Amino acid sequence: TLLLSVGNRHWETTKYQEITQRVQSAREDGAKLIRAEQLAESGTVDDLVEAIKLAEKITVKSYVYDEARKALKEFGRQLLKLAESALEARDLPGAISIARKVTDSTQVKAEARDFMTLARAESQTWEPTVGSLEGAIQQAQKLEPNSPLYNKAQQLIAQWQQSIEQVTVLERARDYARTGSISDLTTAIAQAQLIPQSNPMWDEAQREIGNWRGQIETTQDQPYLDEARRLARQGNLPAAIEKANQITSGRALYGEAQE
């Protein structure tokens, strides 16, 4: 406004109009950035995508360009966090879909590509076999040393290599358990118990051990339950109750025996 009174035609006309346009442009770009940040606060995928589109409209000539670049990077990181959450929930298609929405303008596009590579690798380990773990390792080895996710990939590779040994132990145990005999189920349990608690396969081994113990207990206790029902059909309820009570608390058929 002060330019209008400097007494110089060039500054009162040409430069005045130029700077007025820049002020107006700065106002508009500032409003876009504020709106983009408001959208991003919701934390949803759709709003973050819209926030990125708004911030991308701010050009390099804008006074808020540097702020827009910082905001775009933050929006990209927020999308990656949502993709990571989807992967933790074992939703590979959802994780990949979110990561693909990360644009070049966010400056984390390369990290998003590496995330997708690592996500595909990790998904192969959700139902671990020797083959799936080897495939996961091969996939994770595609990440270059300059990748922000390289260290994480190396940690997972080491973990999966350790798991291969334990999967072999668990698969051997499952082979024993397939016959369903008490002796083979007992051997299977002993094999699975070799997997240490510190190993990622421990939870899976414990689930199998629980199943196999249930099979052993069912095989051992089913004759008591059958005999109890036979006695009950004959009207000898006291003897039937006594027989059913031989199935103790914590056993696989205890609930059925109590009923």
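Me: Why is K57 called exposed?

Reply: Its relative accessible area is 53%, and exposed means over 50%, buried under 20% and partly exposed in between (1.4 Å probe, protein chains only). So K57 lands on the exposed side of the cut-off. You'll find K57 in the loop between α3 (45-56) and α4 (65-88). Its C-alpha sits 9.3 Å from that of A68, eleven residues apart in sequence.

Me: Before we go on, what kind of model is this?

Reply: It's a predicted one, where local features need pLDDT of at least 70, side-chain atom pairs count only at pLDDT 80 or more, and totals for chains, interfaces and linings use all residues. Residues are numbered from 1 along each chain as its sequence is written, and side-chain values use heavy atoms, with hydrogens and water left out.

Me: How do you know how confident the predictor was about the chain?

Reply: From pLDDT, the predictor's confidence in each residue, from 0 to 100. The chain averages 93, and 100% of the residues score at least 70. Among the elements, helix α1 (residues 9-12) has the lowest mean, 88, while helix α5 (residues 92-99) has the highest, 97.

Me: What makes something like α1 a helix here?

Reply: Helices are DSSP runs of H or I with at least four residues, strands are E runs of at least two, and both are numbered from the N terminus. Helix α1 covers residues 9-12, so that run meets the minimum of at least four.

Me: K53 is found in helix α3; why is K53 called partly exposed?

Reply: The relative accessible area of K53 is 46%, which falls between the buried and exposed limits, so partly exposed is the right label. The C-alpha atoms of K53 and T103 are separated by 9.5 Å, although the two are 50 residues apart along the chain.

Me: And why does S147 count as buried?

Reply: S147 has 9% relative accessibility. That is under the buried limit, so the label follows. S147 is in the loop between α7 (130-140) and α8, and its C-alpha lies 7.4 Å from that of D114, 33 residues apart in sequence.

Me: What makes a group of residues a nonpolar core?

Reply: A core is a set of buried Ala, Val, Leu, Ile, Met, Phe, Trp, Tyr and Cys residues joined through side-chain atoms within 4.5 Å. The largest one here has 59 residues, and F75, F115, W160, L170, A192 and W212 have the most contacts inside it. Helix α8 (residues 150-177) gives the largest share, ten residues. Apart from it lies another core of six residues, including L225 and I247. In soluble globular proteins, nonpolar side chains tend to be buried together.

Me: How do you know that W212 is buried?

Reply: W212, in helix α10, has a relative accessible area of 4%, so it passes the buried cut-off. Counting contact as heavy atoms within 4.5 Å, and leaving out residues up to four places away in sequence, W212 touches L170, A173, R174, A177, L185, A188, I189 and A192. F75, judged that way, touches A36, E37, A40, L48, A51, I52 and A55.

Me: What makes a space in the model a pocket?

Reply: On a 1 Å grid over the protein atoms alone, a pocket is an open set of points with protein on both sides within 12 Å along at least five of seven lines, and lining residues have an atom within 4 Å of a point. The largest pocket holds about 270 Å³ of space. Of its 15 lining residues, R90, T125, P128, P200 and M201 are closest to the centre. Helix α8 gives the most to this lining, four residues. The second largest pocket has a volume of about 210 Å³, and α10, α11 (237-244) and α12 (254-258) each supply at least two residues of its lining.

Me: What makes the phi of R90 worth a look?

Reply: R90 has a positive phi of about 60 degrees although it is not a glycine. Most residues other than glycine have a negative phi. R90 lies in the loop between α4 and α5. Q107, in the loop between α5 and α6 (109-123), also has a positive phi, about 70 degrees.

Technical notes
1 Å grid on protein atoms, 1.4 Å probe; cavity = no way out; pocket = protein on both sides within 12 Å on 5 of 7 lines; lining within 4 Å. Points joined across faces, edges and corners; volume = space filled by probe spheres on them.
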